[in-house]
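Got the model open? Here is a walk through it, stop by stop, with something to select at each one.

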Amino acid sequence: MCLRELTRLDWSRNHLTLSLTLVCLALLAMTIKWRIRIRATVHAISWSETAIILSLAVAPTPLVILTTGIGVAIAQYLAKLPPLKAAFGVAKTMLLAVGGGAALHATGGSPPITDLWPALGPIGVAYAVTVVLDEVLTLPVIALATGTRLRQLFREGLGLRLTSALARFVLIVTTLFILHGDPRLLLAVPPLVLSLHLLYSNQVKARTEQQAWQRLARTTDALNVVDLDKVLTTAVTQAAELFSADEVEIELRDGGRTVRGGAVAITYDGPAGEPTAVDGTVVPAALEGHDRTVDVGVLRLRFRGPVQLSEREQYTLRTFASALCTAVRNAQAYAELARVADEHAYAATHDALTGLANRRHLLDQGTEQLDTRHADGVTALVLIDLNHFKEVNDTLGHAAGDHVLVQVAERLRDAAQEGDLVARLGGDEFAVLLRGLPAPAVAAHRAETLLATLHEPFDLDGMRISVEASGGIAAAPATGGMPELLRRADVAMYQAKRAGQRTSTYAPTRDTADLGRLTLGGELPRAVADHEFTVNFQPIVDLGTGRVTGAEALARWHHPTHGMIDPLRFLEAVERSGLLPAFAEAILDQALLAAGSWRDAGFDVPVAVNVSPRSLLDARFPGSVLARLRAHDLPPDRLVLELTETLTLSQLDVVDRVLSRLRDEGVRLALDDFGTGYSSLSLLSRIPVHELKIDRSFVTAMETSAEAAAVIRSTLDLGRSLGLDVVAEGVESEPQRRALWELGCTAGQGHLFARPVPAGTLLAAFRRGSGGSPGTLAPPLHDAGAVIRLAPGRRPGGRGRTDRHLPA
């Protein structure tokens, strides 16, 4: 009844009052709003639909359109919005009033509404039209201004918007019922709207913060990957959405890498310093751990306009940056582990010098190929060995030799065809695995092509060096696998060398000698187990007095069928067989046993034992040697380990550790065959030896070659300057003995004094002596009491260590 009284008012008398009321209602609806930030733009959501529907219920549509426009214009002016944005707000709200009024008229709810219950349906339709029209007019503009996809913008907060729309409709209906009871209660509508706005704003804020924390949790979970690229991509795209930023940039300290982009994709990934197209507000955050001791970079949020993050957003940014720091560190650590693992895997299958496959990789790939050879043709192997390559090392040095090996590898790699595997087996030996050949005969042609590439001279620091090579060719056998293929290629290669040919193809009929060597290799385990390896000893003598100062142990194989076998025929097979530790221990045992028996007989002389290069690569070798010394109750200085000069020991740290431990324990070290290799002086600076042994070739040639005599003289001078003992090998005659003694060499060994004999035979010689003098194997070079003119710097009476002499 009150609502009817309101509608019967004299419109001409109360028109101004009603208009002012409607303007105030529109102004209030536009003033109480909640704001959301998308990118750098802040968007306000108002109660304009509520004011429009309430106005349409009590006033004509034209008046509502006019008063709504005026009220919104005043609100926009008071908010000091830009003219373009204010005009859009006014126009949009007036269009909502037009749409709502049209819907109300179309459904039969012409204002002023006097009967409320029948009008609820038209009012609901009009309200729905204004809500939908507001979405249609607002969302595309926001999407265009922020660069957000319209579908994404529509989905974001859809439930919240629907709940808000329903709450506002309930408010509209409640307000109309209040006005229906008493028009004077219209004054209570603004406080009611304000209270509902505050309540709903708090709900919106709580819901927004909850969603923000949920998005933060999902984002940090997405960073838990070990791939750095994925971490950075996820961080950029997720942070752009999480903080509604126009651009996100991550700059890493390590490597100076910068990644930037938006919510859709990465736009830049490269070195730091490249300018960005987004100009405006920059919000940085250091990528540091919780304790701030680690700084991996910086995260930057960029906005095209002025933006100030809320306190909650700032805390979220710090939390996100800390999680990103952890993710980056984890990914970098994983990448480093993966890199090291890849390096180790590569190093395990490739040659460090040339980068070619090594023996292990060749065997693995060859075995795999032979398992499937029937499917893709014939498999063959070409084994290539450089002829006289040692001369390059001896003449120009190992660095030059390594350079030549690298060039050889490059030529072979270039000459090989796709699918071939080029490998370096060690030293100057190479191999090429040929796969998928149409016929075995093709292997010979391919081998000739490979070796022809090595015919041209090599350029070495301005010098042109020719290096010849021999190649052995073998097709895959029916049985025996890759080891047999490698053996056959090796047989063919040595056949090529013996015949003076560049290549040779394996032929079973010519494999007699190699089969004999293979047979010996197969008997090695039995020989070690049955103690068929024996030791002979050659004495080392003071050249001046003829006294014995030591003995060198020389291994022999007493074969039950073939008799005594020279070491040159079986030592290489022992090294390759895996029996080297057992063989070395057996030889060392016999040598120390002999030294102990000599000591017990009154002749305390040290024994020298040759050491295989492979033993020096075994970290367990020193422990084994020291254990044998303790077992035989011999002091460590009673053992001399002779090292071959051909080893490239200066490149092997494990060898340094092995030799240092032995020397520290008192074991004496000697450098054998000194002067025959380029590395003599470099090895002396690295290996802690006590003694040098002049190679027999210089002793043999010293009487006819001035160069050989010069090498001996310089070696002796070097030994004196370094405090090292010097032993001459291969002393065969008295003139050689006297000449060496005159040069200052105090010790020698050779057939002049004794050939290699068993330990018992040598002990008998000790006892018998020369001229009835025990412990001497040759008469002295001068009579007792005679005056002798000594060569400058020569020390009389032995090798400079009295404990190396036998008692008279």
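Start with the whole chain in view: of the contacts with a separation of 6 or more, 68% are between residues 24 or more positions apart. Keep in mind that this is a predicted model. Colour by secondary structure and you get 27 helices and 23 strands. Of the 808 residues, 47% are buried. Switch on the surface and you're looking at about 38,800 Å² of accessible area, with 58% of that belonging to carbon and sulfur atoms.

**Stop 1: the antiparallel sheet**

Select β3 to β7. These make an open sheet of five strands, in the order β5-β4-β3-β7-β6, with antiparallel pairing. Which are the edge strands? They are β5 (266-271) and β6 (281-288), each pairing on one side only. Going from one strand to the next, the twist averages 15°.

Now zoom in on β6 and its partner β7 (residues 295-303): eight bridges join them in the antiparallel sense. Pick Val-283 and look across to its bridge partner in β7, Leu-301.

Add the helices that pack on this sheet. Helix α10 (residues 228-242) touches β3 (247-252), β4 (257-261) and β5, and its direction makes about 145° with that of β3. Helix α11 (residues 311-349) also packs on the sheet, touching β3, β6 and β7, at about 50° to the direction of β6.

While α11 is on screen, click Cys-325: its relative accessibility is 1%, so it counts as buried. Then jump to Cys-745, which counts as buried because its relative accessibility is 0%. If you go looking for disulfides, the count comes to zero.

**Stop 2: the mixed sheet**

Next, select β8, β9, β10, β13 and β14. Here is an open sheet of five strands in the order β9-β10-β8-β13-β14, this one with mixed pairing. β9 (421-426) and β14 (503-505) are at the edges with a single partner strand each, so one side of each has no neighbour in the sheet. Neighbouring strands are turned by 20° against each other on average, ignoring direction.

Hide everything but β8 (residues 378-386) and β10 (residues 429-437), and you'll find an antiparallel pair with seven bridges. Ala-380 sits opposite Leu-434 in β10. Bring back helix α12 (residues 359-371), which packs on the sheet and touches β8, β9 and β10; its direction is about 20° from that of β10.

**Stop 3: helix α14**

Stay in this region and select α14 (residues 398-415). The helix has 18 residues and spans 25 Å from first C-alpha to last, close to the 26 Å expected at 1.5 Å a residue. Show the side chains of its buried residues: Ala-400, Gly-401, Val-404, Leu-405, Gln-407, Val-408, Ala-409 and Leu-412. As you step through them, remember that an α-helix has 3.6 residues a turn, so residues three or four places apart point the same way.

What do the buried residues of α14 pack against? Their partners are β8, α13 (389-396), β9, β10, α15 (441-452) and β11 (458-460).

**Stop 4: two loop residues**

Go to the loop between β13 (469-475) and α16 (481-499), where you'll find Ala-478. Is Ala-478 buried or exposed? Its relative accessibility is 73%, so Ala-478 counts as exposed. Draw a distance from its C-alpha to that of Leu-370: the two residues are 108 apart along the chain, yet those atoms are separated by 9.5 Å.

Then move to Asp-633, in the loop between α21 (621-631) and β19 (639-644). Check its backbone: phi is near 55°, a positive value in a residue other than glycine. For background, most residues other than glycine have a negative phi. Asp-633 is exposed, with a relative accessible area of 58%.

**Stop 5: strand β21 and its two partners**

Finish at β21 (residues 691-694). Glu-691 and Lys-693 point one way, Leu-692 and Ile-694 point the other way, and all are buried. Add β20 (residues 668-674), which runs parallel to β21 and is joined to it by three bridges. Across this pairing, Phe-674 stands opposite Ile-694.

Last selection: β22 (residues 725-729), which pairs with β21 in the parallel sense over four bridges. Here Leu-692 stands opposite Val-726.

Terms used
Residues numbered from 1 in each chain as written. Predicted model: local features only at pLDDT ≥ 70, side-chain atom pairs only at ≥ 80, totals over all residues. Heavy atoms only, no water. Buried < 20%, exposed > 50% of the residue type's maximum accessible area, 1.4 Å probe, protein only. Pairing = 2+ DSSP bridges. Axes fitted to C-alpha atoms, helices over the stretch in contact; angles between N-to-C directions. Contact = heavy atoms within 4.5 Å. Disulfide = S-S within 2.5 Å. Areas by Shrake-Rupley, 256 points an atom, 1.4 Å probe, with all protein chains shown as cover. Expected span 1.5 Å × (residues − 1).
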